[in-house]
Amino acid sequence: MIGAVPLSYYLLLSAILFTIGAGGVLIRRNAIIILMCVEMMMNAVNLTFVAFSSYLDSATGQIFVFMVMVVAAVEVAVGLALLVELNRHKEAVNIDEFNSLKG
Amino acid sequence: MELTIFIIVAVLSVVSALGVIFNKNVVYSALFLLVNFLTIAVFYLMLNAQFLGMVQILVYAGAIVVLILFVVMLLGEQLGEDISSWVTPANGVIIVLALILLTIIGTAVTDYPTTGAKGDFTPELIQEYGQAEMIGVTLFTDYLLSVQLAGVLLLVGIVGVIWLARNDEQLPATGDVPTKEA
């Protein structure tokens, strides 16, 4: 069942998804979209981990995916809380507006 | 057959990833992100990682997308962005750089065949013991320290979010030191 799709196809697909995510972080100025793109990049890396784990018969890759999921959950929670707080402070979600550390 | 399914789901995945970026409405972006997460879950199922596929649906599609949608609804109307503002020289440079990055990664993963020592996480053993049990045993023996660190990280995240979400208006304003009435 595994052998039907070569490993490099999965790696190439996750490379494409990672690149789309990285481009999205740089192109869009909306902070929520940037968080979504970071999630997409993490998912691309997770796909690589699972593909290697499956093709090399090792559980380590899947453990790493769990850790990445924990980090992603914490990151999105803290990021969105910061975003709501910034929005309360200064009516914007465009990251170009937030150019001063001194509120 | 499996290759056909792979190609269909891969195209869907890439299209939904592009849909997240090139979409004016943030709610649509979040829904495209949901489609992207679900296609990743399908890939996990195809890669014999069924437990992880279910976790992906529960955590990403169930929790993270819902959280993002909550914030989108909370922040409301000021989320629109003018599409014409995207066509700038800087964004052109970014797209070229992204294509260069893709070329480098693509060359790396296709030209150099990846091999390695096979582990003991074989489909036969998974069939015998069950996937969740095998992952759980690995997680709580070999990787116990990382599990505890992940727990600490989650605790720090919870405390940080609660601190960020406090309501300032019930506290005295900063700099206004309360003085004793003489």
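This report walks through a few features of a predicted model, starting with one helix and moving outwards.

## Helix 2 of chain A

A good place to begin is helix 2 of chain A, which runs over residues 31–55. Its 25 residues reach 37 Å from the first C-alpha to the last, close to the 36 Å expected at 1.5 Å a residue. Most of this helix is covered, with 20 of its 25 residues buried.

Both ends are worth a look. At the N-terminal end, Asn30(A) acts as a cap: a side-chain oxygen of Asn30(A) lies 3.1 Å from the backbone nitrogen of Ile32(A). Just after the helix comes Asp57(A), which takes a positive phi of about 55 degrees.

## A buried asparagine

Within helix 2 of chain A you will also find Asn46(A). Is Asn46(A) buried or exposed? Asn46(A) counts as buried because its relative accessibility is 0%, and the cut-off for buried is under 20%. Asn46(A) and Gln62(A) are 16 residues apart in sequence, while their C-alpha atoms are 8.4 Å apart in space.

## The largest nonpolar core

In soluble globular proteins, nonpolar side chains tend to be buried together. Here, the largest nonpolar core has 68 residues, and the members that touch the most others are Tyr10(A), Ile32(A), Phe43(B) and Ile68(B). At least two residues of this core come from each of helix 1, helix 2 and helix 3 of chain A, and from each of helix 1, helix 2, helix 3 and helix 6 of chain B. Which helix gives the most to this core? That is helix 2 of chain A, with 13 residues.

Ile32(A) therefore appears twice in this picture: its backbone nitrogen lies 3.1 Å from the capping oxygen of Asn30(A), and its side chain belongs to the core, a set of buried residues joined through side-chain atoms.

## One salt bridge

Side chains of opposite charge can pair when their charged atoms come close. How many salt bridges does a search of the whole structure find? The search finds one over all chains. It joins the side chains of Arg88(A) and Glu85(A), at 3.5 Å from N to O.

These two residues are three apart in helix 3 of chain A (residues 60–89), so about one helical turn separates them. Arg88(A) counts as partly exposed, at 48% relative accessibility.

## A nonpolar patch on chain B

Nonpolar residues also appear on the surface. Val93(B), Val96(B), Leu97(B), Ile100(B) and Ile104(B) form a patch there, with about 460 Å² of accessible area together. One of them, Val96(B), sits in helix 4 of chain B, residues 89–111. Val96(B) is partly exposed, with a relative accessible area of 48%.

Definitions and conventions: Residues numbered from 1 in each chain as written. Chains lettered and ligands numbered in written order. Predicted model: local features only at pLDDT ≥ 70, side-chain atom pairs only at ≥ 80, totals over all residues. Heavy atoms only, no water. Patch = residues over 30% accessible without salt bridge, like charges linked within 9 Å, V, L, I, M, F, W, Y side chains within 5 Å. Areas by Shrake-Rupley, 256 points an atom, 1.4 Å probe, with all protein chains shown as cover. Salt bridge = Lys/Arg side-chain N within 4 Å of Asp/Glu carboxyl O. Helix = DSSP H or I, 4+ residues; strand = E, 2+ residues; numbered from the N terminus. Buried < 20%, exposed > 50% of the residue type's maximum accessible area, 1.4 Å probe, protein only. Expected span 1.5 Å × (residues − 1). Polar contact = N/O pair within 3.5 Å; in protein donor to acceptor, adjacent residues only side chain to side chain. Core = buried A, V, L, I, M, F, W, Y, C linked by side-chain atoms within 4.5 Å.
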